[in-house]
Each structure stands twice: as structure tokens, then as C-alpha cells.
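Please open the model in your viewer and keep the selection tool at hand. The stops below go from the whole chain to its interior.

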Amino acid sequence: MTLDQGDYFDRLFEGRRVMAIWRGLPADETVALSERLWDAGVDLVEVPIGQPGQEAALAAAVEAAGPRGHAVGAGTVVSLGHVERAAAAGAAYTIAPGLNPAVLEASHAAGMPHLPGVATASEVGLARELGCRWVKVFPASALGPDWFKAMRGPFPDVRFVATGGVDPDSVGVYLNAGASVIGMGSALADPANIEKLLG
């Protein structure tokens with residue numbers, strides 16, 4: 001490994017509990033929504049690039065984040081091509097819904113810490129073996145809060161980012177169950193949920 005994934009995400013997530021995920025939005029809307037959250041003190045933004053053309057929104061968010069000193073991550077990075085496009089757009093780190101050692105290695109080689117996705121104890125264990133103390137748990141709502149409680153015993157040093165179907169009303173439930181950070185995407189399509197998040 002060329003990077004200490006755990007140390008990076010320890011610093012990135014310190015004192016922060018919610019990450020906004022802007023999937024499939026135009027670049028200008030991605031920037032406007034990001035700036036609204038940044039102004040309110042919500043620093044973490046992920047822009048998925050799973051579909052062609054989504055790198056434009058990522059690059060725009062990266063550019064807007066620069067003067068503020070914020071790091072923007074590239075999401076849905078599931079191939080070596082995605083790693084290349086994330087790097088070209090200026091992403092600070094990469095995130096995936098699953099665990100692919102080749103993508104992990106390529107992202108680290110490109111200077112971007114990688115947050116792999118997990119859904120089973122075997123995947124958590126493999127991620128830990130590959131040097132990842134932080135993992136994305138996806139889909140969190142399908143797995144449920146009890147999943148996080150169960151994993152705390154065998155993997156006490158692993159930190160979980162709960163993503164997929166978690167809305168502002170259930171943030172506390174997942175944090176209390178053992179998640180360290182909540183990734184929130186589709187729920188933020190509802191302006192009322194953005195208000196809840198900011199409130």
C-alpha cells in the first residue's frame with residue numbers, strides 16, 4: 001500500500017457525521033447544493049461517476065471546494081477506468097459500493113485513498129487484511145442497524161460509513177448502532193430532508 005487509508009479517513013471524518021452524495025446532477029446544481037451544505041458546516045461531499053459524463057460534476061465540485069479547503073470524493077468507482085477519471089477530475093479519494101482489490105490498489109497508486117464497500121463479515125475481514133480500517137457499508141438500510149451492532153464485536157477497530165437508504169430521521173439510529181458516518185444520497189433529493197440535515 002502506498003497510502004495509510006485509515007489515517008486519511010480518520011482525519012477526513014473527524015468530528016463529521018454526514019456525507020452528502022450528489023448522484024447524477026448537473027455540474028451547476030452539484031456546486032450549488034455543495035456550497036449550501038459547506039456554508040452550513042457540512043463538509044463532506046461525494047460525487048458518483050459510475051455513468052459517463054458524471055466527471056464534469058465531480059470536477060466542478062472539486063474546483064468549488066478548493067478555496068474552502070474541502071476534499072471531494074469520487075463515488076461508484078468500480079473499475080480502473082473510473083480510477084483514472086476520478087484522478088483526472090481532481091478527486092481527493094474514491095469510494096465504491098463493493099470491494100475490488102485491483103481498484104483499491106490502483107486508487108492508492110494514483111494518490112487517492114479508497115473507501116471500499118462491504119456487506120458481509122468476510123468482506124469486512126478482507127478489507128481489513130488489505131489495510132482498510134474504514135469501509136462503506138452498502139446498502140445500509142437493507143442490512144439494518146443490527147448489522148452494525150453485530151460487526152462491532154469481531155471488528156472493533158473497523159469504522160463504518162453507512163450508505164444506502166438512510167435518511168435524516170434515522171441518522172441517530174445508525175450512529176448509535178455503530179456507524180461512524182452516514183452517507184446520504186437519494187434522501188437529499190427532498191428539500192425537506194436537506195432542511196432537516198442543516199437544522
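Begin with the whole chain of this predicted model, where 49% of the 199 residues count as buried. Colouring by secondary structure should bring out ten helices and nine strands. The radius of gyration is 15 Å, close to the 16 Å that the globule rule gives for 199 residues, so the chain is as compact as a globular protein of that length. Turn the view along the principal axes, and the C-alpha atoms fill a box of roughly 45 × 40 × 25 Å.

Next, show the surface, which comes to about 8,400 Å² of accessible area, with 52% of that belonging to carbon and sulfur atoms. If you then select the charged residues, you will have 14 positive and 22 negative charges, whose mean positions lie 5 Å apart.

Now hide the surface and look inside. In soluble globular proteins, nonpolar side chains tend to be buried together. Select Phe148 and Phe160, which touch the most other members of the largest nonpolar core, a set of 52 residues. Helix 3, residues 55-65, gives this core its largest share, five residues.

Which residues does Phe148 touch, leaving aside those up to four places away in sequence? They are Val137, Ala140, Phe160, Ala162, Tyr174, Ala177, Gly178 and Ala179.

For a last selection, pick Leu44, Tyr93, Ile95 and Leu115, which are among the 13 residues of a second, separate core. Returning to the full view, consider that, of the contacts between residues at least 6 apart in sequence, 60% join residues at least 24 apart.

Notes:
Residues are numbered from 1 along each chain as its sequence is written. This is a predicted model: local features need pLDDT of at least 70, side-chain atom pairs count only at pLDDT 80 or more; totals for chains, interfaces and linings use all residues. Side-chain values use heavy atoms; hydrogens and water are left out. Helices (H or I, at least four residues) and strands (E, at least two) are DSSP runs, numbered from the N terminus. The radius of gyration is taken over C-alpha atoms; the globule rule is 2.2 Å times the number of residues to the power 0.38. Buried means under 20% relative accessible area, exposed over 50%, partly exposed in between (1.4 Å probe, protein chains only). Contact means heavy atoms within 4.5 Å. Accessible areas come from the Shrake-Rupley method with a 1.4 Å probe; for residues, only the protein chains shown count as cover. Lys and Arg count as positive and Asp and Glu as negative; His and the chain ends are not counted. The place of a charge is taken as NZ of Lys, CZ of Arg, CG of Asp or CD of Glu. A nonpolar core is a set of buried Ala, Val, Leu, Ile, Met, Phe, Trp, Tyr and Cys residues joined through side-chain atoms within 4.5 Å.
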